[in-house]
Amino acid sequence: MITTSRRARLAWNIATYAVLITLTVFCIFPLVWTFLTSLKHEADIVTQTIQYIPTRITFDNYVAIWTQSGFPTLVMNSFVVTATTVLLCLITGTLAAYSFSRFHYRGRSALMLGYLVIRMFPAVLMIIPLFILMRGVGLLDSRLGLALAYTSFLLPLFVWMLKGFFDAAPKELESAARIDGCTRLGAMVRIVLPLARNGLVATSVFVAIAAWNEFLFALMLTTSQGSRTWPVGLQLMVGEFQLPWGVLAAGGIISIIPVMILFAIVQRTMVHGITAGAVKG
Amino acid sequence: MAERMSAFSEPSQSIWRRLDPAAALGRLSESRYWMYLLLVPSAILILAVVLYPTVYGFQLSFRQMRLNRPDLGTGFVGFKHYIYMWSDKVFWLSLRNTAVWVTFAVVIEFALGLVAALALNRNLPGTKIMGVLILLPYFLPNVVAGHMWALLLDPRLGVINDLLVRVGILESYKAWFADPATALGAAILVEAWHGFPFFALLLLAGLKGVPDDLYKAASVDGAGPIRQLRLITLPMLRSVIAAAVILRVIGLVNSPDLLLILTGGGPGQSTQVLSLYAFQKAYKDFNFGYAGALSVVMFILLMLFAWAYVRVSKVNQD
C-alpha cells in the first residue's frame, strides 16, 4: 500500500517536472532564439541548413540598430511617454486608490465599478475620437498626448491594484498619527504611502511596462519621429526597409531588456497585486 | 496669530503650517468631502480621455467622416453605416473569425494555464524559477512577440519548420502565415504563448486559497487526483476562472495588435477580426464613421457576452 502510493507520488513528481520543463522551454525558446539570431551574421541567418548554435558571434546587429536608424530617438520617446504616464497615474491614481481604500461613502462601490468598466471600452472606439480631439487641441503626435491616452486605460488598473496594497497597510498607525494631530493628508503622505511603498513601486512598474510595450495607440496617434515610440518605429522599419532579421532581433532584445529587469526586480509584489483583485472579487 | 497657534501646537504640525500650500491642502483634507475631492483629479482625466471620446465615438458612428474625402462633409447619416455593415461580407467574416480566434485562444490558454498552475502549486524544489520564466511572455511587448514568432515560423529560415521536418511531421517547409488554412491557427498559437501566463498567474493565486484539508479528506475517502481536480479544485476556483475568462475575452476582442503585426488580416481576409477591421478602416482608409460603427457593434456584442457570461456563471454557482 505504502509502496504504491510512494510510487504514485514519484510518478506525479516526474510528470510535474516534465510539464514545467516543457512549458518553460515553450515560454523562453522564442526569446533564446531571438537572442541567438541577434548575435549571428546575416549570412549565418539566411542559410540553406539552419545554424542552431552560432559558429561566430558578432555585435554588428546591435551597433547597426543603434547607429543606423532613429532607434535611440524612439527609445527616448518611449522613455518620456512611459515616465509621463507613470507620473500621471501616480498623482491622480494614488489619491483615488486612497479614497476607495480608506473611506466608506455613498456611491463608492458604484464608482469603483465604473473605474473597472472603463477597461471594457474597445481601444478602437476611443482611438478614433482621441485622434480627432488631439488634433483639435494640438496634442496629436506629441508625447504628452500619447501619455494622456495611455493613462486612460492604465489608470483604472493602477487604482484597483494600488487599492489592494492600501487595504493591506494597517490602519492603526494612521489613527495614531491622526490622534497626534496629523491632518488626513499628512497621515496619508507620511504614514500610508511609506507603508505601501512596495505596492506603489510594483503598481508603477506594471503601468510602466504596459506603457513601454503599447503599440496600437502609438501607431494611430504619432506621425513623426518627434514622438514616435519604439514599437511603432520598429514595426515601420520592418515594413519600409526590409530590416535584416539580425538587426530586427537586436532591436527587439534591446527594447525588452528594461522590461525584463523591472519584471525581475518587482515580480513577486507585482504578481501579488495583479492577482489580489481577481481572486478576492 | 498664526505664529502663536503654531507655538502651541505639536512641533510636527508647525512644520506643516509653515509650508503654505501644504497647510492649505492639509486643512482641505479635514473637509467632509475629502473622499470625493481625492477622486477629482482621476475623474477629470477619465472624463476627458475616456468617457468623452467614447460618447463622441458613438456619435461618430452616425456621421459621415472620411478624413481623405473632406468633400463628403461630416453630416449626420443616421443608420447608414449600420445598414451598410449588414451587407458587408468582410464584417461577417471578421465576426466569425473573432469568435474562432477568441474561443480557441481562451480554451488553449485556460488549459495551459491550469496545467501550469497545478504543476507550480505542488512547490517541488527548483520549480520557483520556472514559475517566473513561465510568466515572462505575458509581460513582453506584442511587437517583439510577433516578430520573434514570425522568425520562428518563417517559410525559409523558420526553426520550427526545420524541427518539424527533422522529426518527420512535415515533408517540407510551410509558409504558416501565407496559407489561409493555417494562418489563423498559427496566430492562435502565438497568442496562446503570449496569454496563457495570465491564466497561470490567476489560477495559481486561486489554488493557494483552496484549503489543504479538503484534499486530505478526499484522499482518505479514496478519491484520486483526477477526481480531486474535478470535485474540489475546479469548483473552488470557479469565481477565479470566471474573472480570468471574462478579462481575457475582453482583452482578446478589443486588441488587434498581435494580428496586425503577424498577418495584417491576411492572406485574403482569413485572419481579419472585428477590432482589426475597425482599426484598418480608420488607420488606412480614414473612414472614421464606419470604423466607429464597427467598434460600437463590437462593444455592444462584448457587453452582451459579458452580461450573459456573468449570469450563467452565477446561475451555476447557486
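**Helices, contacts and core in a predicted two-chain model**

Reader: What distance lies between the end C-alpha atoms of helix α10 of chain A?
Author: In this predicted model, helix α10 of chain A covers residues 197–213, which is 17 residues. At 1.5 Å a residue the helix should span 24 Å, and the distance between its end C-alpha atoms agrees, because that distance is 24 Å.

Reader: Is α10(A) largely enclosed by the rest of the structure or exposed?
Author: A residue is buried if 20 or more other C-beta atoms lie within 10 Å of its own. Of the 17 residues of α10(A), 13 are buried, so the helix is largely enclosed by the rest of the structure.

Reader: How many residues does each chain bring to the contact between chain A and chain B?
Author: Both chains take part in this contact. Chain A gives 76 residues and chain B gives 80 residues.

Reader: Which helix provides the largest share of the side of chain B that touches chain A?
Author: By class, that side of chain B has 58 nonpolar, 17 polar and five charged residues. Its largest share, 11 residues, comes from residues 40–60 of chain B, which form helix α5.

Reader: At which residue does α5(B) bend?
Author: From its first C-alpha to its last, α5(B) reaches 28 Å with 21 residues. That is close to the 30 Å expected at 1.5 Å a residue. The helix nevertheless has a bend of about 40 degrees, placed at Leu47(B).

Reader: Which residues of α5(B) are buried?
Author: The cut-off is again 20 or more other C-beta atoms within 10 Å. In α5(B) the buried residues are Ser42(B), Leu45(B), Ile46(B), Val49(B), Val50(B), Pro53(B), Thr54(B), Gly57(B) and Leu60(B).

Reader: How far apart are the C-alpha centres of the two domains of chain A?
Author: The assignment for chain A places domain 1 at 2–38 and domain 2 at 60–280. Four residues of domain 1 of chain A are in contact with seven residues of domain 2 of chain A. On the domain 1 side, one of the touching residues is nonpolar, three are polar and none is charged. The C-alpha centres of these two domains of chain A are separated by 33 Å.

Reader: And how far apart are the C-alpha centres of the domains of chain B?
Author: In chain B, domain 1 is assigned to 1–38 and domain 2 to 80–317. The separation of the C-alpha centres of domain 1 and domain 2 of chain B is 52 Å.

Reader: Which helix gives the most residues to the largest nonpolar core?
Author: That core has 166 residues, and those touching the most other members are Ile127(A), Phe217(A), Ala200(B) and Leu203(B). The most, 17 residues, comes from residues 183–208 of chain B, helix α11.

Reader: Which residues does Ala200(B) touch, not counting residues up to four places away in sequence?
Author: Ala200(B) is one of the core residues that touch the most other members. With residues up to four places away in sequence left out, its contacts are Gly113(B), Ala116(B), Ala117(B), Ile134(B) and Leu135(B).

Reader: How does Val115(B) count by its C-beta neighbours?
Author: Val115(B) sits in helix α7 of chain B, residues 89–120. Its C-alpha is 12 Å from that of Leu207(B), 92 residues away along the chain. Because Val115(B) has 19 C-beta neighbours inside 10 Å, where 20 would make a residue buried, it counts as partly exposed.

Reader: What is the approximate phi of Asn123(B)?
Author: Most residues other than glycine have a negative phi. Asn123(B), in the loop between α7 and α8 of chain B, counts as exposed because it has 10 C-beta neighbours inside 10 Å. Its phi is positive, near 50 degrees.

Reader: What is the approximate phi of Phe286(B)?
Author: Phe286(B) is in the loop between α16 and α17 of chain B. With 15 C-beta neighbours inside 10 Å, Phe286(B) counts as partly exposed. Its phi is also positive, near 55 degrees.

Reader: How far in space is Asp20(B) from Leu120(B)?
Author: Asp20(B) belongs to helix α3 of chain B, residues 20–28, and is exposed, with 9 other C-beta atoms within 10 Å. Leu120(B) is 100 residues away in sequence, and the C-alpha to C-alpha distance is 54 Å.

Key. Residues numbered from 1 in each chain as written. Chains lettered and ligands numbered in written order. Predicted model: local features only at pLDDT ≥ 70, side-chain atom pairs only at ≥ 80, totals over all residues. Contact = placed C-beta atoms within 7 Å. Helix = DSSP H or I, 4+ residues; strand = E, 2+ residues; numbered from the N terminus. Nonpolar A, V, L, I, M, F, W, Y, C, P; charged D, E, K, R; others polar. Domains from an automatic or database assignment. Expected span 1.5 Å × (residues − 1). Bend = angle between axes of the 7 residues up to and from the residue. Buried ≥ 20, exposed ≤ 12 C-beta atoms within 10 Å, placed from the backbone. Core = buried A, V, L, I, M, F, W, Y, C linked by C-beta atoms within 7 Å.
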